[in-house]
Amino acid sequence: MALTDKLAAIGDALRRNLDSDEKVLLADMPGEIDRVYRKAISDFWAQVPTGMDRYHFAGDGWNVDNFYPQGRFTCASGNPQYVFAYHNRRHAPYDLAQRLEDCGAEIVFTGASKIDFGFYGANITALPALDFSNMTRLQATFSGCGALQTVRELKLGEATEYSQAFAGCVALENLTVSGTIGQNGFDVSECPLTVQSLRSILAALKPGASKTLTLGAENLAKLTQAELAAAAEAGWSVV
């Protein structure tokens, strides 16, 4: 096949994949190849449901090499269980918050009432701000996320109940809590939290709740006696 025929064939392929009838000049071919790549990614994500449900981005099939989401993903059910469970499990951990930001994408959970095992065992280092204020239960939501270092913000509601939500989060240092903690079971004893993170937790405690907050001995040692006394005065047993 002559060179001109080969170039014509390339041009035909580019037009076909770009759904275009425009002539492709030789000088423009590298850029058009990039356009084909970008269009393929966009076409793929257009087929991914934006309503998140069970196992939506779970398992190692979704990982640092292919998770480049586009658009806004919201809850398709009241309890999108395991939605990111074991995400990226066999790859190097990565910053999921930064990836979402770089892609201009969002994950929104305000339509859910529970998120059991939501990020269970996910191999990620950071999560974006999460509004969980409508949740009635966080059960093992971040459990087993051994590489997780940062949750940029976690907004909670006073009715939310907790069961092993942070079990196994042995690297979690930065956890900015907002909203209200009003129930038993909030346990971050395995997390080496910063003082700032611990203070955000204390600030979120509902006054007069007569509940127990579990920080663990190492985290307790980072706080002043005055801070712990203030929590006790507000009706909380901090252990």
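1. A polar contact is a pair of N or O atoms within 3.5 Å, where within protein one atom must be able to donate a hydrogen and the other to accept it. By that rule, in this predicted model, the side chain of D60 makes a polar contact with the side chain of H91, at 3.1 Å. The side chain of D60 also reaches the backbone nitrogen of R90, at 3.0 Å.

2. Staying with D60, this residue lies in the loop between strand 1 (51–52) and strand 2 (72–75), and a first-year reader may ask which side chain of opposite charge is nearest to it. That side chain belongs to R90 and is 4.8 Å away, and D60, although buried, has no salt bridge. A salt bridge requires a side-chain nitrogen of Lys or Arg within 4 Å of a carboxyl oxygen of Asp or Glu, so the 4.8 Å between D60 and R90 does not qualify. Leaving aside neighbours within four places in sequence, D60 is in contact with Y86, N88, R89, R90 and H91.

3. One of those contacts of D60, N88, deserves a point of its own. N88 lies in the loop between strand 2 and strand 3, and it counts as buried because its relative accessibility is 0%. Its phi is positive, at about 65°, although N88 is not a glycine. As background, most residues other than glycine have a negative phi. S210 also has a positive phi, near 55°, and is likewise a residue other than glycine; S210 is found in the loop between helix 4 and strand 11 (212–213), and it counts as exposed because its relative accessibility is 60%.

4. Is N79 buried or exposed? N79 counts as buried because its relative accessibility is 17%, and its place is in the loop between strand 2 and strand 3 (94–95). Apart from neighbours within four places in sequence, N79 is in contact with R54, K114, I115, D116 and R137.

5. D102, by contrast, belongs to helix 3 (residues 96–103) and counts as exposed because its relative accessibility is 57%. The C-alpha atoms of D102 and P69 are 9.6 Å apart in space, while the two residues are 33 apart in sequence.

6. Helix 6 (residues 225–233) has E227, L228 and A231 as its buried residues. Seen down the axis of helix 6, these buried residues fall within an arc of 95°, so they line one face of the helix. On the other side of helix 6, Q225, A226 and E233 are exposed. The elements that cover the buried residues include helix 4 (195–203), helix 5 (217–220) and strand 12 (237–238), and just after helix 6, G235 takes a positive phi of about 100°.

7. The largest nonpolar core has 58 residues, among which F109, F119, F132, F166, L175 and F186 touch the most other members. At least two residues of this core come from each of strand 2, helix 3, strand 5 (124–127), strand 6 (130–132), strand 8 (150–156), strand 10 (174–179), helix 4 and helix 6. Not counting residues up to four places away in sequence, F109 touches M52, C75, V83, I115, F119, L130, D131, F132 and M135.

8. For the chain as a whole, the model has 6 helices and 12 strands, and 41% of its 239 residues count as buried. Among contacts between residues at least 6 apart in sequence, 58% join residues at least 24 apart.

Technical notes
Residues numbered from 1 in each chain as written. Predicted model: local features only at pLDDT ≥ 70, side-chain atom pairs only at ≥ 80, totals over all residues. Heavy atoms only, no water. Helix = DSSP H or I, 4+ residues; strand = E, 2+ residues; numbered from the N terminus. Buried < 20%, exposed > 50% of the residue type's maximum accessible area, 1.4 Å probe, protein only. Lys, Arg positive; Asp, Glu negative; His and termini not counted. Contact = heavy atoms within 4.5 Å. Arc of directions from axis to C-beta. Core = buried A, V, L, I, M, F, W, Y, C linked by side-chain atoms within 4.5 Å.
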